[in-house]
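Good morning, everyone, and thank you for making time for this. Please have the sequence and the model open, and follow along as I go from the overall layout to a pocket and then to a few single residues.

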Amino acid sequence: VDPEHPGLYFVGLIQPLGAIMPLAEAQAHWVADLVTGEAALPSYDEMRRQIREYDETVRKRYVASKRHTIQVDFHKYQTELARERKAGRARLTGERAGGLLDRVPFLPGRRG
C-alpha cells in the first residue's frame, strides 16, 4: 500500500523465503478488510515512518540489489500481516466517529 496512491493495492508483489501463495492469500484478506471498510490504514505520516523503518531493516538484512527490495521472511511477514489486520480493525473502531468512512477510498457503495 503506497500512501501516495490511496486505493491502489498490490498482492503477491513479494519474494518470500518460503511459499508465496499463503502470503498472497494473507495479503488479499488484508486488502479486502481495507476495501470493504473492515479496517483502516494508519495515517499518512505513520505509513511513511513505517515504510522508512522497514526499508532500513531490509537494507541491513539483505544484499543491496533490486531483487531484495521485495524479499520477505515467510513467518515474520505472515505475523506482520496478521498484526496489521488486527491494528487496522482497531484503528477503524477508534476513528469511526471521526468520519473515517467518508475518507476510505473505493468503499463499496460510496464514491471516493
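I will begin with the chain as a whole, then turn to the pocket, and end with four residues.

Please keep in mind throughout that this is a predicted model. The protein chain has 3 helices and 2 strands, and if you follow these elements from the N terminus on, they run in the order β-α-α-β-α. Of the 112 residues in the chain, 29% count as buried, and the chain exposes about 7600 Å², of which carbon and sulfur atoms supply 56%. If we look at contacts between residues at least 6 apart in sequence, 65% of these contacts join residues that are at least 24 apart.

Let me move on to the pocket. The largest pocket in the model has a volume of about 1400 Å³, and of the 40 residues that line this pocket, the closest to its centre are Val1, Ile51, Tyr54, Tyr77 and Glu80. Which elements supply at least two residues each of its lining? They are helix H1, covering 21-35, helix H2, covering 44-61, strand E2, covering 71-73, and helix H3, covering 74-95. The largest share comes from H2, which gives 12 residues to the lining. Sorted by chemical character, the lining residues are 21 nonpolar, 7 polar and 12 charged.

Now to the single residues, and I will start in helix H1, where we find alanine 24. Is alanine 24 buried or exposed? Alanine 24 counts as buried, because its relative accessibility is 13% and the cut-off for buried is under 20%. Leaving aside its neighbours within four places in sequence, alanine 24 is in contact with Val11 and Gly12. Alanine 24 and phenylalanine 10, which are 14 residues apart in sequence, lie 9.5 Å apart in space, C-alpha to C-alpha.

The next residue is glutamine 71, which is found in strand E2. At 2% relative accessibility, glutamine 71 counts as buried. What does the side chain of glutamine 71 reach? This side chain reaches the backbone oxygen of glutamine 15 at 3.1 Å. Once neighbours within four places in sequence are set aside, the contacts of glutamine 71 are Gln15, Pro16, Leu17, Tyr54 and Tyr62, and you may remember Tyr54 as one of the residues closest to the centre of the largest pocket.

The last two residues both belong to helix H3, and I will take leucine 81 before arginine 91. Leucine 81 counts as buried, because its relative accessibility is 6%. Not counting residues up to four places away in sequence, leucine 81 touches Leu23, Ala26, Gln27 and Trp30. Leucine 81 and leucine 23 are 58 residues apart in sequence, and yet their C-alpha atoms are 8.6 Å apart in space.

As for arginine 91, its relative accessibility is 17%, so it also counts as buried, given that the cut-off is under 20%. The side chain of arginine 91 makes a polar contact, at 2.8 Å, with the side chain of glutamate 84. Glu84 is also among the residues that arginine 91 touches when those up to four places away in sequence are not counted, and the others are Ala40, Leu41 and Pro42.

That brings me to the end, and I am happy to take questions.

Technical notes. Residues numbered from 1 in each chain as written. Predicted model: local features only at pLDDT ≥ 70, side-chain atom pairs only at ≥ 80, totals over all residues. Heavy atoms only, no water. 1 Å grid on protein atoms, 1.4 Å probe; cavity = no way out; pocket = protein on both sides within 12 Å on 5 of 7 lines; lining within 4 Å. Points joined across faces, edges and corners; volume = space filled by probe spheres on them. Helix = DSSP H or I, 4+ residues; strand = E, 2+ residues; numbered from the N terminus. Nonpolar A, V, L, I, M, F, W, Y, C, P; charged D, E, K, R; others polar. Buried < 20%, exposed > 50% of the residue type's maximum accessible area, 1.4 Å probe, protein only. Contact = heavy atoms within 4.5 Å. Areas by Shrake-Rupley, 256 points an atom, 1.4 Å probe, with all protein chains shown as cover. Polar contact = N/O pair within 3.5 Å; in protein donor to acceptor, adjacent residues only side chain to side chain.
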